[in-house]
Amino acid sequence: MTVRSRLHRVIGLCFLVPAISGCSDSFLAGKLHYVENEALTKDVKGRSSLVGKPRLQEKVRKALADIFGEDPQRIRVPEAMGGLLNSGGAYLGNYQVQDGVVKHSANEDPVTKQFTRYAGGYGIYRRQCLHCHGVSGAGDGPTAPFLYPYPRDYRKGLFKFTSTPNGARPSKEDLKRTVRNGLNGTSMPAFHSLLSDFEIDQVVDYVIFLSIRGETELALIDEGAISDETDINALSPETAAEIADGVIRRWIADQSKVVNPTIARTESTRESILRGRELFLGKTPEKLECSGCHGLLARGDGKSFVPQDVFNQVVFGGNPSERQQRIDALSPEMKDLWGQKLDDWGNPLRPANLNRGKDTVYKGGRRPIDIYWRIAKGITGAQMPAHYPTIDEKKVWDLVNFVLALPFEPELLGESPHPGGPEVPPGVSGTPPVAAR
Amino acid sequence: MRYWSVVFALAAIFSVGAFVYAPLSGDWWLPNPSGDMHHSVSSFGREIDSLFVIILVITGVVFIGTQVVLVWEAYRFADRVDDAGRPVRQARYFHGSQRLEVIWTIIPAAILVFIALYQMGTWANIKFRSAAPKVQPTAEVTARQFQWIFRYPGPDRKLYTPDDLYTVNDFHFVKDRMTLINLRSSDVIHSFFLPHMRIKQDAVPGMIIPVWFDSDTAGHFELVCAELCGWGHYKMRGNVTVHASDEEFAKWQADLLAEQNRSQLSMATDNQGR
Ligand SMILES: [Cu+2]
């Protein structure tokens with residue numbers, strides 16, 4: 001008898017183990033909740049918050065749930081967003097299409113009471129992006145603290161490497177390019193061999209959705225901060241909907257602002273490269289002085305930024321969570337400089353090292369047009385300013401030619417890249433590898 | 001207790017059955033081009049597969065033999081008691097048997113020495129630097145958390161010049177050509193693994209390691225990282241394209257170069273990323 005029952009247990013186990021390990025799309029089943037913006041309930045340095053305004057906080061939460069859905073599994077798409085996303089947002093996930101039209105984001109079909117299971121952008125995001133970028137796109141996923149630079153926080157609607165003007169929302173093509181090719185020199189990998197073009201379309205839709213949701217959240221907090229907690233009309237649903245529409249309209253408008261150089265690239269002749277060099281070193285009437293930030297040798301060590309060793313000490317010199325203590329230990333002047341050299345997300349900035357020889361990395365892409373965009377319209381959120389139309393387009397192309405030639409001709413800036421000395425170790429450059437530990 | 005032997009027997013039969021069935025299933029056997037189960041696409045791959053089959057046969061024979069003995073003994077002698085309820089045969093303990101130990105050391109040792117000698121030529125052909133083909137490296141491959149970065153010599157056929165071509169997770173070479181790459185890592189140890197070509201080589205920071213292989217089949221294959229190199233390890237997958245001819249490869253390079261030199265968006269609807 002005992003032998004028998006034990007035998008059953010053994011055989012049972014044989015069936016159970018594969019059954020447990022074989023669950024496939026269960027990743028869609030668990031509950032996920034959007035992470036609230038800190039400013040909703042806490043004092044955040046340098047921005048308005050809703051501390052001590054519990055009723056307005058509640059109104060923001062309700063407005064967000066009404067406009068975008070309560071949680072990532074119940075996505076709602078504001079009507080205005082339809083034109084911005086593929087098939088009116090049908091690819092976001094957990095969606096329902098009736099008669100070819102996206103009706104709403106309910107999981108349940110009101111007629112058949114059946115659940116629609118479609119992972120879409122939400123499913124792909126959850127699998128591939130969430131662990132860095134976080135549930136609501138705040139760049140706060142579980143692996144984020146271990147990365148340098150930090151993953152992008154979408155909630156400002158700002159993205160660094162775009163084809164649209166400085167500060168404008170990115171074009172969809174920009175986001176697709178970033179997902180497809182990754183960002184060289186950062187932890188953003190290239191996904192073109194992991195995801196099909198259709199899947200990239202879906203996940204980009206979802207990123208835009210999260211971005212718009214986050215921007216709306218910030219705008220609602222700003223609106224609430226200047227409103228009276230006791231005013232029953234403050235932050236009405238109509239106001240909230242208007243705010244969301246404003247955010248969406250801005251995205252749609254910026255799609256058509258893609259910058260295309262009006263003149264063809266100047267051929268990369270010796271003269272053009274040398275003209276670019278003069279511009280870089282600030283020896284022309286325009287006084288560009290790229291070298292002030294990028295350094296006289298273009299190694300990303302210009303004097304207007306924190307010295308490299310201080311930077312490395314703070315960013316890589318110990319536990320990431322104790323970074324603030326390391327900043328506090330700096331001399332007052334250095335601390336002041338540190339505070340000035342942060343990007344719009346509050347992360348420390350480093351000008352690119354453009355002179356690393358064959359290992360030179362161009363984060364935003366290495367095509368002439370990519371470099372043109374970086375110089376002509378700057379880097380959104382960082383301190384690389386737009387130089388067009390400050391200087392004319394021909395000169396932008398001269399600079400492009402110089403920047404592309406420099407890694408192969410370090411003598412352009414007077415010195416070979418590693419003059420007999422030790423090779424620059426990884427991590428001591430503008431774009432060090434992931435802070436592995 | 002004797003029925004336990006049935007469980008052991010079933011487990012052994014299942015295992016052997018799985019191995020017998022495996023070559024009949026495209027999903028279970030070694031990674032091969034779809035619809036062609038017994039064919040590795042590279043010359044080294046076929047050598048390695050035959051080594052693999054030899055090891056499988058040796059271990060299979062040993063496994064079946066030991067399982068038969070184990071099950072039979074367990075079935076025959078378990079639970080046998082006399083009328084008084086005592087075991088029919090008392091278990092007997094003895095300390096050491098030189099003859100037995102010599103036998104069970106010599107047999108596996110001989111098998112191991114045989115395998116070691118038998119595979120040596122293949123190993124030398126695939127791994128010894130002296131055996132590296134005297135050809136231009138097709139690319140420099142840098143592993144990085146978490147992707148493969150390829151750098152090809154451009155039209156001037158020299159690496160580290162302004163016309164170099166760059167791709168990420170996208171590897172191209174030509175059919176029926178012994179192809180050489182230089183493998184580097186910029187952070188941790190990764191492992192360059194071409195499953196269809198049975199090529200696996202660690203990428204070690206600070207080292208430049210030559211790796212060579214070929215393919216007799218044009219088409220699309222896969223590159224993965226075979227080293228657990230961090231949380232994004234599973235993302236280190238790349239597409240491998242084997243071109244049918246040098247012309248096709250040159251055409252791909254020309255397209256890549258044109259895209260890499262792009263300085264204008266020709267049309268508003270232009271796909272900027274490709
Ligand atoms: Cu790896």
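# Close-up views of a predicted two-chain model

**Figure 1. A charged pair and its extension in helix 2 of chain A.** A:Arg61 and A:Glu58 are both placed in helix 2 of chain A, 3 residues apart and thus separated by about one turn of the helix. In this predicted model, the side chains of A:Arg61 and A:Glu58 form a salt bridge, with an N to O distance of 2.8 Å. A second salt bridge connects A:Arg61 with A:Glu36, here at 2.3 Å from N to O. This second pair links distant parts of the chain, since A:Glu36 sits in the loop between helix 1 and helix 2 (54-68) of chain A while A:Arg61 belongs to helix 2, 25 residues apart. With a relative accessible area of 26%, A:Arg61 counts as partly exposed; A:Glu58, at 44%, and A:Glu36, at 34%, are likewise assigned to the partly exposed class.

**Figure 2. A buried salt bridge within helix 5 of chain A.** A:Arg177 and A:Asp174 both lie in helix 5 of chain A, where 3 residues, about one turn of the helix, set them apart. Their side chains meet in a salt bridge with an N to O distance of 2.9 Å, and both A:Arg177 and A:Asp174 are buried. Elsewhere, salt bridges that share partners join A:Lys358, A:Asp359, B:Glu140 and B:Arg184 into one network. Over all chains, the structure holds 34 salt bridges.

**Figure 3. The interface of chain A and chain B.** The contact involves 48 residues of chain A and 37 residues of chain B, and the two chains bury about 3,500 Å² between them, of which 54% is on carbon and sulfur atoms. Of the area that chain A buries against chain B, 16% is supplied by A:Lys358, A:Arg367 and A:Phe408, more than by any other three residues. The rule finds 2 salt bridges across this interface; B:Arg184 forms a salt bridge with A:Asp359, in which the closest N and O atoms are 3.9 Å apart. The rule also finds 13 residue pairs in polar contact across the interface, with both residues at pLDDT 80 or more. On the side of chain A that touches chain B, the elements giving two or more residues are helix 1 (2-21), helix 3 (120-128), helix 4 (130-133), helix 5 (172-181) and helix 13 (368-377) of chain A. Helix 5 gives the largest share, namely 5 residues. Sorted by class, this side of chain A has 24 nonpolar, 13 polar and 11 charged residues.

**Figure 4. A buried arginine without a salt bridge.** A:Arg152 is placed in the loop between helix 4 and helix 5 of chain A. Although buried, A:Arg152 has no salt bridge, because the nearest side chain of opposite charge, that of A:Asp343, is 5.1 Å away, whereas a salt bridge requires the side-chain nitrogen and the carboxyl oxygen to be within 4 Å. Leaving aside neighbours within four places in sequence, the residues in contact with A:Arg152 include A:His133, A:Leu158, A:Phe159, A:Lys160 and A:Trp345.

**Figure 5. Surroundings of a buried proline in chain B.** B:Pro153 is found in the loop between strand 2 (147-152) and strand 3 (165-168) of chain B, and its relative accessible area of 11% makes it buried. The C-alpha atoms of B:Pro153 and B:Ala139 are separated by 6.8 Å, although the two residues are 14 residues apart along the chain. Not counting residues up to four places away in sequence, B:Pro153 touches several others, among them B:Gln136, B:Pro137, B:Thr138, B:Leu165 and B:Gln253.

**Figure 6. Backbone exceptions in the loops of both chains.** Most residues other than glycine have a negative phi, and most peptide bonds are trans. The peptide bond from A:Tyr148 to A:Pro149 is nevertheless cis, with omega near -5°, and A:Pro149 is located in the loop between helix 4 and helix 5 of chain A. In chain B, a cis peptide bond joins B:Gln145 and B:Phe146, with omega about 0°; B:Phe146 is found in the loop between strand 1 (139-144) and strand 2 of chain B. A:Leu235, which is not a glycine, has a positive phi of about 50°, lies in the loop between helix 6 (197-225) and helix 7 (237-255) of chain A, and is buried at 7% relative accessibility. B:Asp176, also not a glycine, has a positive phi of about 60° and occurs in the loop between strand 4 (170-174) and strand 5 (179-185) of chain B, where its relative accessibility of 49% counts as partly exposed.

Technical notes. Residues numbered from 1 in each chain as written. Chains lettered and ligands numbered in written order. Predicted model: local features only at pLDDT ≥ 70, side-chain atom pairs only at ≥ 80, totals over all residues. Heavy atoms only, no water. Contact = heavy atoms within 4.5 Å. Buried area = accessible area lost by both parts, 1.4 Å probe. Polar contact = N/O pair within 3.5 Å; in protein donor to acceptor, adjacent residues only side chain to side chain. Helix = DSSP H or I, 4+ residues; strand = E, 2+ residues; numbered from the N terminus. Nonpolar A, V, L, I, M, F, W, Y, C, P; charged D, E, K, R; others polar. Buried < 20%, exposed > 50% of the residue type's maximum accessible area, 1.4 Å probe, protein only. Lys, Arg positive; Asp, Glu negative; His and termini not counted.
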